[in-house]
Every structure is written in C-alpha cells, then in structure tokens.
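Here are a few exercises to help you find your way around. Have a go at each task before you read the solution.

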Amino acid sequence: MSAHRIAAITRRLLQQFRHDRRTLALLFVAPLVILSLLGYLIRGGASAPGVGIANEDQGPVGATLASALEKSTKIHTVIINPADGETKLKDGSLVAYIVFPPDFSQLVIQQQVIAPEIHLEGSQPGTQAPVLQALQDALTSFAAASQAAVKFQPNVSYLYGGPNLDQLDYFGAAFIGLILFFLVFVVTIVSFLRERSQGTLERLMASPLRRGEIVVGYMIGFTILALVQAVEVLVFSLYVLKVHNQGNVLLIFGFEVLMALSAVNLGIFLSMFARTEFQAVQFIPLVIVPQVLLSGILFPVSTEPTPLQYISDVLPLTYAVNGLRDVMLKGADLTWPALQLDAGVVAGFCLLLIFAGIGTLRRRIA
Amino acid sequence: MSEAFAVDVDNVVKSFGTLRALDGITLRVRQGEIYGLLGPNGSGKTTLIRAIVGLVAPDSGNVSVLGHRMPDLNILSSVGYMTQAAALYPDLSVEENLRFFAAISGADGNVTEVLKTVELEARRKSVVSTLSGGMRQRCSLACALVHHPRLLLLDEPTVGVDPQLRVQFWEHFRDMAAAGTTILVSSHVMDEAERCQRLGLIRFGKLLGEGSPAEIRAAAGTNNLEEAFLKLSGRASE
C-alpha cells in the first residue's frame, strides 16, 4: 500500500466533486431538505383528525366525557347527529365518530361499565390511535375524578376494513403503486439519458422520426414492461403476502397503468435536466422522496400541517395512492365520485407529462 | 426549388453564445459527387453537417437538402447520417441495430447486403458492445447506409479506423457515388481529401476555398494538398 497512490485517488475524487457543483449541492442540501420536511411533517403543528361526537346520554357521564374530548389536542371534535356519522366518515370529513348511547350513564352507575360506540373510518393508518388515545385520556380523568372502578368496554365498528387490517394492508395498497412508479421512473430516465450519451438520440433526430413518435414509442415499451411488473407485484401482494383487497383487481391494474405512464413521461421530461446518468439518479431524492413523504403513504394527508396539504394536493402520487387505497381497503368502484376524481387527476397528470416530454425533446439535442 | 444540388447551404450563420460556429457559409454539393469538407478541429465541420441534417437551426441563412428546405423530416428518409462517434445501441446485436435504423427511416432495409458491404456478415448476431472499435465503426456506417439514402453525410467516418479499413471505406464510398449517391464527408486527413471530387476548405466557420484537389493545389501554388490547406488558412487568419 502506498500512501501516495491512495492520496492520488482520494484527491482525484474530491476534485471531481469540485467540478460537479450540482452533485456537491445535492450532497449537502438534500439531507437538510428531506429532514426539514420530515420534521415539519411530524412536529409542525400537525392537523388533528376530525372526530364526531354524538351525545345521546340521558345521564351526566356522556356530557362529561364529551367536554373532556373537546379539550383534547389529539383530536378535533365536532358535535354531530349520529345519523350523519356514516356519511361524514364516507366523505372523509371525519376519521371517526363516538356515540354515547341513551343508557350510557345508567350502565356506568349500575354496572361500572363504560360502553361508548366508536365508529372508525378504518382505511387510514395512524388516524385510529389518536382517537382511542383521546378517549382513553378522557376516561382516565373521569375515573380519577369520580374515584369509581369502571371497566372500559367500547363497541368498536369499522366502516371499512376492520380490526383484522394490519399495517401491511394499509401500506401494501400504497406500495403496489409506489414501487412501480419509482422503478419505471428510474429505468426510463436512465435509458433516455443513455440514448443521448451514446449518441443514438442524435441519429434518431436525424431520421424522419417525429418527437411524438419517440415519446409514444418509449411510453408503450416501458409501459409493457411496467405492466408485466405490475402483474407480478399484484399477484405476490395479494396471494403470497395476502394484502387485503376488497375491490376489483382490474381497477388496481388500471391505476397501475396510469402510474406507469406518468412515471415514463416524468422520466423523459426530467432527463432534459440531467446531463449524465449519474445526475439522473440524483433526481430520486429530489423527486421521489418528497412525494413519498407527502403523498399520504406514511402520514394521512388530512393530518399534515396545512401548508403541506396544499403541496400534497398537487402531487400525482397523492391521488394514485388514495385511489389504490379506496379500491383495496374500501372496495371503491368507478361509480364513487372520490375514485373518479383520483383516476381523473392521475390521467390528467399523465397527459400533461406526455406533452411536457414531447415539448422538451427538441431542445435537449442542440 | 430545383434539385440541381443535393445540398444547398446559403449564407448560414450559427452562433453558440459568443462563438460563431458558422459565419455566413455558402456551399453547394452536386448530385452524385463526393464532396470533402476539410478543416481543423473546431472549424465548424460538425456544426455544418448538423445544420444540413436539421439538428441545428441556423440563426440566419437557408439549408436545402435534395431540393427540400430544411428542416424537413420527410426528406430525412433519403439521408444517411454517420456521426463522429459510433452511435449504436451497445446492448443490441449488429443485425438488430441495422433493422432498427432501417425501420425508423421507413425502409425494409436489405440487411444482408449492407452487412456484406461492410464485411460484418460473420458478426451479424454479435452484440455491439463485444465488437472492436473498427467493427463498431463499420456497423455505424452500415446503419447510415441500410435505408439506401440518396445523400450520405459522414462526419469524420475514418477517425480511429486502421489504414486498411480506411481504404475499404473509401472503396465503398466510390462505389456508392458511382451508383448515384451523393456523399458529403468531413475529414482532417489530407490523403482522404485526394480521393474527393471536390473539396471545401473550412475554417472559423467560413469557406476559404473550394474546388477539385488539383484546383486547390494550383490556387495555393503548391503541389502538396496539406501545404495548400495551411497556406489558404494562413491567408484567412491574416
């Protein structure tokens, strides 16, 4: 081992980075951006999930608990009519509602049993815990104040899914789409840049090929690959991992087609902003990671700090993930307005990216 | 527009930032001739060829190819373009590359015939990344020929090619010209220039002189083409 030769290698590496300012910037800026985003997402005054309260109790206990829940910072309570509860769960304005039935106080006094009805929406990870926690806190303070030994026996019901859903069911639905989107994006952007670096793009542009023909050809080729992958991922998720699915498999597949098309065109479009394959790979932390954090895969969009919700609302992945979850966890079909919106937005993004890809193709040559 | 000229470049200017790559160049290539574009590195040869094929949009001036004002995608099916570096798909076989380039030019492409021309028949199933540099260059030439273009644009086709292969290349060019194909070839190798019917000397994006090798030599008052070229360039930079 020669220290001199080793030093030569080290020095050369650092010199290369000095000439590639962009990589250098990425190396030092991207971690701060991603960590700030994560920090803001989790600690930045996250919006508390909306919980409906319907107090029909003829005694005093329901009102006591309701006011305790109202003070909780973990949830945002709304007084509702129990008949509206299910509608509000369906339209997404509430993640849960709690009903204190007419005989609620009577049961507490006679049997020392606290038995509220808890209706959970059930398709969003991470929204149930705050509801149950807030209720637990309210009960603990009630029990301490009344010095009664009471048993907590809630009647929990789920609008979608149920107690059998685990984290994999929530994340599986989203990841089916995410894996496809991510891999197709990377493969496309790298192939397109290779087309340029090996000089073949120049040949293509000096042939009668139209720009649109190149983009559509790429799109079909990679989409075929992506669809084979989609079938594999789907079969593995549904039959090997047994991820919960309540909807039509063809709808899941349809969403995957749209995501594959978006990913291909995003790859073609962004390849214009990179000179080398190395720089293309750098788009992953810039383009993919924020989308993963903000598209509701890990944290429901409704619980994000409000400014981030605006960003989430313009990310295509948000709609794709939402659509996939609606189909798989709620059994949504195309008659649902929510699913029409998701599918429509994803398809719209797809079209937009196709034109963006075609529009930027000419400039990258000259 | 008449089709008297295969290539008609009229007073073309193209700048990249402060660099004037083409500085009002006018040049005409006749049907069926081998026209050599001669000039040192950075003189504007590649930019001129890219402007002819429509990859570079001139700031001013006109380019016509086979009677069609460029850019015109349709006429490109009659043009073969060989770039400086062998632009091929390294993970496809020789034959797959050829079929691809034939297909995008809208021709069936007689692959076997072209492979015979460049003597790559034995390697038709070989993946390009396994070929030697010279073979890649031949494959690249084959890709420019496969759709039977009427105009062939060759940007330094013999760079990195051994002398024996270079002789073969020039034999193909002569055969093709004899069969009616117009060839515009750029080079900075003077012995190649001798093989052209007409030469254009280009420097600083301008045409310094034009004519047959004999005419160029006579104009410079020397019987060595290399000297002639240096003399003519010297005059221009004064």
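**Exercise 1: domains of chain A**

Task: find the domains of chain A and work out which residues each one covers.

Solution: Keep in mind that you're looking at a predicted model. Chain A splits into domain 1, covering 50-158, and domain 2, covering 167-361. Next, take the centres over C-alpha atoms: those of domain 1 of chain A and domain 2 of chain A are 40 Å apart. Now turn to the contact, where domain 1 of chain A puts in five residues and domain 2 of chain A puts in eight. Finally, sort the side of domain 1 of chain A that touches domain 2 of chain A: you get one nonpolar residue, four polar ones and no charged ones.

**Exercise 2: where the chains meet**

Task: say how many residues of chain B and of chain A are in contact.

Solution: Count C-beta pairs within 7 Å. That gives 18 residues of chain B in contact with 14 residues of chain A. On the side of chain B that touches chain A, 13 are nonpolar, five are polar and none are charged.

**Exercise 3: a sheet in chain B**

Task: give the strand order of the open four-stranded sheet in chain B, then look at its edges.

Solution: Reading across, the order is β2-β1-β4-β5 (chain B), with antiparallel pairing. The edges are β2 (19-30) and β5 (68-69) of chain B, each pairing on one side only. Now zoom in on β1 (residues 5-16) of chain B: nine bridges tie this strand to β2(B), and the two run antiparallel. For a specific pair, start at Ser15(B) and cross to β2(B), where Arg20(B) is its bridge partner.

Conventions. Residues are numbered from 1 along each chain as its sequence is written. Chains are lettered from A and ligands numbered from 1 in the order in which they are written. This is a predicted model: local features need pLDDT of at least 70, side-chain atom pairs count only at pLDDT 80 or more; totals for chains, interfaces and linings use all residues. Domain bounds come from an automatic or database domain assignment. Two residues are in contact if their C-beta atoms, placed from the backbone, lie within 7 Å. Ala, Val, Leu, Ile, Met, Phe, Trp, Tyr, Cys and Pro count as nonpolar, Asp, Glu, Lys and Arg as charged, and the others, Gly among them, as polar. Two strands pair if DSSP finds at least two bridges between them.
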